[in-house]
Amino acid sequence: MDWFLIFVSVAVVWLASLCKILHSSFYPDQSSFLNNNNNNAGSIQKKNVLFVIAHPDDESMFFSPTINHLTSRGHNIHILCMSTGNADGIGDVRKEELYKASVILKVPLQQVTTIDHPDFQDGFGKVWNSGKLSKIVEKKILAHAIDMIITFDNYGVSGHCNHRDVHQGVRRFTLDTSEKDIEAWELVSSNIVRKYSGPIDIWLSFWTLKGEMHCLVNEHPLRSYAAMSQHLSQWLYVCQHFEEDQQMSKGSSSMVYFKSYI
């Protein structure tokens, strides 16, 4: 009987967590992520959204659930990749993989920009100048009338220094810019316990994260997998490095969390 009660309790908590996730994702508060602040509007306003990433494959590994969510609702997606991922001398290959993945994620190729600059080269120990990065982001935003920026948080999900530098560059832009109508959101990094706790993580997130937060459910997980499969050069790397394998599982997970950038 004791084991039966434990099983029922776990099942109830799991089901309640799943219902909370679905409610948070499909029925967000009016002030929340991607909702129109105009109370007279009957539908969500379509936005130009810029994803600022560090390397080809970040869009699939970390942001594909969010890209799927946005494209399925008609939002206009732009991707700004700050390097070609040339740490191993295959930057041209990785850039082409990014374009192939973007097609699967339904992002127009003319809206995918890859930077190949001496100051923004892939690799640990490569410090990226936040001021220069901020200027590149600003130029992209002004050129395409961007309404919203989405990027890494301060830890960068996997802790990669390039991810963290992207965060610092975007943060500098948000602090310096006079464009006050632009929203900025960051992907929340999570520890291994939260990552594999399934739907129950929704409660841990609400208790531990400060500020405005939004939860998204990956409505097209097979599309995320197909996009990541275009990065064949990185699949070989994933097989050889357990840490990257752990991060890949994050990218194809069923839900992701965002919070307001400042």
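This report describes the overall make-up of a predicted protein model and then some of its side-chain pairs, backbone features and surface.

## Overall make-up

The protein has 262 residues, and 48% of them count as buried. Its secondary structure comes to 11 helices and seven strands. Among the contacts between residues at least 6 apart in sequence, 80% join residues that are at least 24 apart. The surface that the protein exposes comes to about 13000 Å², and carbon and sulfur atoms supply 57% of that area.

## Aromatic pairs around Phe152

A pair of aromatic rings is described by the distance of the centres and the angle of the planes. A search of the whole structure finds four aromatic pairs. One of them is formed by Phe62 and Phe152, whose rings are edge-to-face, with 5.8 Å from centre to centre and 75 degrees between the planes. Phe62 lies in the loop between α2 (58-61) and α3 (64-71), whereas Phe152 belongs to strand β4 (residues 148-152), so this pair ties together parts of the chain that are 90 residues apart in sequence. Phe62 and Phe152 are both buried.

Phe152 also forms an aromatic pair with Phe63, again edge-to-face, with 5.2 Å from centre to centre and 70 degrees between the planes. This pair, too, links distant parts of the chain, since Phe63 is in the loop between α2 and α3 and Phe152 is in strand β4, 89 residues away. Phe63 is buried, with a relative accessible area of 0%, and for Phe152 the relative accessible area is likewise 0%. Taken together, Phe51, Phe62, Phe63 and Phe152 form one aromatic cluster.

## Salt bridges between partly exposed residues

Side chains of opposite charge can pair when their charged atoms come close. In this model, a search of the whole structure finds six salt bridges. One of them joins Arg73 and Glu219, with the closest N and O atoms 2.7 Å apart. The two residues sit in distant parts of the chain, with Arg73 in the loop between α3 and β2 (76-81) and Glu219 in the loop between β6 (213-217) and α9, a separation of 146 residues. Arg73 is partly exposed, with a relative accessible area of 24%, and Glu219 also counts as partly exposed, at 27% relative accessibility.

Asp119 forms a salt bridge with Lys132, and here the closest N and O atoms are 2.4 Å apart. Asp119 is located in the loop between β3 and α5, while Lys132 is part of helix α5, so the pair ties together parts that are 13 residues apart in sequence. Asp119 is partly exposed, with a relative accessible area of 28%, and Lys132 counts as partly exposed at 42% relative accessibility.

## A buried charged network

Another salt bridge is formed by Asp122 and Arg94, whose closest N and O atoms are 3.6 Å apart. Asp122 lies in the loop between β3 (112-114) and α5 (130-144), and Arg94 lies in helix α4 (residues 91-104), so the pair ties together parts that are 28 residues apart in sequence. Both Asp122 and Arg94 are buried.

Asp57, Arg94 and Asp122 are linked in a network of salt bridges. Asp57 is found in the loop between β1 (48-53) and α2, and at 5% relative accessibility Asp57 counts as buried.

## Positive phi angles

Asp57 also has a notable backbone feature, a positive phi of about 105 degrees, although it is not a glycine. Val157, which is not a glycine either, has a positive phi of about 65 degrees. Val157 lies in the loop between β4 and α6 (161-176) and counts as buried at 5% relative accessibility.

## A one-sided helix and a nonpolar patch

In helix α9 (residues 221-228), the buried residues include Arg223, Ser224, Ala227 and Met228. These residues cover an arc of only 135 degrees around the axis, which puts them on the same side of α9.

At the surface, Phe7, Val8 and Val12 make a nonpolar patch of about 290 Å². Of these residues, Val12 lies in helix α1 (residues 2-26).

Key:
Residues are numbered from 1 along each chain as its sequence is written. Side-chain values use heavy atoms; hydrogens and water are left out. Buried means under 20% relative accessible area, exposed over 50%, partly exposed in between (1.4 Å probe, protein chains only). Helices (H or I, at least four residues) and strands (E, at least two) are DSSP runs, numbered from the N terminus. The arc is that of the directions from the helix axis to the C-beta atoms. Patches are made of residues with over 30% relative accessible area and no salt bridge: like charges are joined within 9 Å, nonpolar side chains (Val, Leu, Ile, Met, Phe, Trp, Tyr) within 5 Å. Accessible areas come from the Shrake-Rupley method with a 1.4 Å probe; for residues, only the protein chains shown count as cover. A salt bridge is a side-chain nitrogen of Lys or Arg within 4 Å of a carboxyl oxygen of Asp or Glu. Rings of Phe, Tyr and Trp (its six-membered ring) pair if their centres lie within 6.5 Å; planes under 30 degrees apart count as stacked, over 60 as edge-to-face and the rest as tilted. Contact means heavy atoms within 4.5 Å.
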